[in-house]
Amino acid sequence: MNPPLETCVAVIGAGPAGLMSALLLARAGVPCAVFEQHEGISTHPKAMGITRRSAEIFRQLGLLDRMQEADFSTAETQLMIWAKALVGEELGRAPLPAADVDWSPCRPFHSPQTHTEAVLLAALEAEPLARVHFRHRVRTIGREPHAVELDVSGPEGGFICRAEWVIAADGAGSPVRRILGIQAEGPGDLGHFLNVFFHADPSVVLEGRRSLLYNILREDLVEFLVSVNGRDLWLMHHFLQPGEDATRLSPEVLEGMIRAAMGLPDLRVQILGRAPWVMSPKVATAFRNGRIFLVGDAASRLSPAGGLGMNTGLQSAHNLAWKLAAVVHGHAGEGLLDTYEKERRSVSLGVMHHTNENSGEVLRQVDCALRGAFDELKTMLAASHRHEEDRRFDTGIEYSNGPRFPHAWVRVNGQRLSTLDLVGGSFVVLAGPRAQVPKDALYKVVRPECEDASFAAAWGLDGEGAILVRPDGFVAGRVQGDPATVTAALRVALSGG
């Protein structure tokens with residue numbers, strides 16, 4: 001047995017939620033160690049859509065430009081197409097969320113999970129307080145009143161990691177969740193799929209029909225094609241039919257399916273990888289057990305219809321990290337940590353319900369196609385709610401303490417910024433020009449000049465008003481006149497009240 005390792009926070013799993021958790025903690029001054037049983041980050045694209053809210057988090061971290069390097073979406077490609085083949089009869093189309101809106105400085109964009117994880121890993125490796133251990137598997141967990149002991153196996157043998165806190169971001173099958181005896185609730189098995197990552201270049205025949213998503217539906221074939229790089233890398237979600245065994249589908253058979261789905265019988269296809277999965281949406285009945293927290297798919301496994309699974313995990317990590325850092329640094333009591341489950345589990349349940357509705361709609365479309373009811377299918381597609389953006393599960397969620405502070409353009413020291421650029425990393429007091437705000441090491445004070453006078457008036461930023469904003473951008477309190485109420489609001493926010 002090797003010498004023990006001691007750390008403040010141990011993160012199990014180096015997927016997007018685990019890497020985001022560790023990065024936020026390290027930047028908040030909290031030492032952490034990440035254990036990942038695989039040799040490295042994912043080589044399979046998996047999730048690819050980044051929502052506005054997640055984009056705002058990457059913007060806060062200074063990683064947005066790097067993240068968008070993989071984005072190829074344009075106004076023309078920001079849509080979903082239903083067709084009998086990639087180059088066959090089109091059945092319908094619906095626009096994806098618009099790029100520019102007045103309620104966020106960010107736009108949704110395309111980033112394969114391989115790229116997302118690479119960006120997060122590079123940022124994390126630059127942090128002196130964090131270390132990622134690949135090829136390390138957590139075998140058992142021992143819980144004590146003031147610490148958690150992990151029995152870890154690695155390339156050079158086993159050792160004990162003693163951590164004050166543990167974040168389990170170990171995937172949908174979460175061994176940690178099972179060890180803790182935490183159940184998960186949801187509709188269960190909605191379908192079995194095989195993800196096929198492949199190389200093919202049909203771009204010369206796609207002029208005027210470029211898209212991020214293609215749903216291929218006909219009587220003899222159901223395939224969902226996602227463009228990975230806008231050119232020659234693709235992901236196919238193959239809907240396994242009853243009795244169809246994913247392990248017995250040879251590369252030649254899969255290549256034939258791809259050519260059929262694309263309607264290009266002579267297309268050169270190279271299979272790069274495959275990954276079977278089950279669409280079985282479930283949300284854990286608890287997100288915390290003592291000193292251990294569930295994040296990402298370990299907490300909520302969601303249907304991919306709508307692209308909110310990874311985004312929900314990233315946003316949950318954003319919610320938990322500042323709270324855990326506040327407790328570690330002695331600024332808050334452990335009661336604050338109970339608000340993680342209170343705030344994020346309800347959100348996850350809402351997202352699950354929403355994405356289950358999306359999945360049900362997709363399954364009804366599939367049923368129409370398999371029955372050859374294409375007139376009925378076209379009518380259904382024309383009425384699809386996918387034509388509208390749903391803000392509830394992106395930037396418009398309200399928590400018990402207050403809403404997320406909204407975006408508006410302001411000037412600070414002559415620089416034009418979004419109000420969202422003013423928050424993050426610590427508590428912030430956004431104060432009007434005549435607001436009296438007592439000094440406190442736990443928050444910074446910013447007096448923005450609002451471009452929109454109505455916005456300034458609504459939030460009291462045109463006079464004596466002030467708003468206390470949490471590190472994750474949610475309002476912790478509003479103040480008008482009495483400066484003592486700022487301190488009181490901070491105390492309530494840190495107590496979890």
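Here is a short chat about two loop residues and one helix pair in a predicted model.

Visitor: What makes Lys 46 stand out in its loop between strand 2 (32–36) and strand 3 (49–50)?
Guide: Look at the backbone: Lys 46 has a positive phi, about 50 degrees, and it is not a glycine. Most residues other than glycine have a negative phi.

Visitor: Why is Lys 46 called partly exposed?
Guide: Its relative accessibility is 40%. Buried would need under 20% and exposed over 50%, so a value in between gets the label partly exposed.

Visitor: And how do you know that Asn 413 counts as exposed?
Guide: Asn 413 comes out at 80% relative accessibility. The cut-off for exposed is over 50%, so that label applies. Asn 413 sits in the loop between strand 23 (409–412) and strand 24 (415–418), and has a positive phi too, about 55 degrees, without being a glycine.

Visitor: On to the helices. Why is helix 8 called roughly antiparallel to helix 9?
Guide: The axes of helix 8 (residues 338–371) and helix 9 (residues 374–382) cross at roughly 155 degrees, coming within 8 Å. Angles over 145 degrees count as roughly antiparallel, so helix 8 and helix 9 get that description. Their crossing is left-handed.

Visitor: Which residues meet there, and what classes are they?
Guide: From helix 8, the contact includes Glu 361, Arg 364 and Cys 368; from helix 9, Phe 374, Leu 377 and Met 380 are among them. By class, the contact has six nonpolar, one polar and four charged residues. Cys counts as nonpolar, so Cys 368 of helix 8 goes in that class.

Notes:
Residues are numbered from 1 along each chain as its sequence is written. This is a predicted model: local features need pLDDT of at least 70, side-chain atom pairs count only at pLDDT 80 or more; totals for chains, interfaces and linings use all residues. Side-chain values use heavy atoms; hydrogens and water are left out. Buried means under 20% relative accessible area, exposed over 50%, partly exposed in between (1.4 Å probe, protein chains only). Helices (H or I, at least four residues) and strands (E, at least two) are DSSP runs, numbered from the N terminus. Axes are lines fitted to C-alpha atoms, for helices over the stretch in contact, and angles run from 0 to 180 degrees between N-to-C directions. Angles under 35 degrees count as roughly parallel, over 145 as roughly antiparallel, 65 to 115 as roughly perpendicular and the rest as oblique. A crossing is left-handed if the near helix is turned anticlockwise from the far one by less than a right angle, and right-handed if clockwise. Contact means heavy atoms within 4.5 Å.
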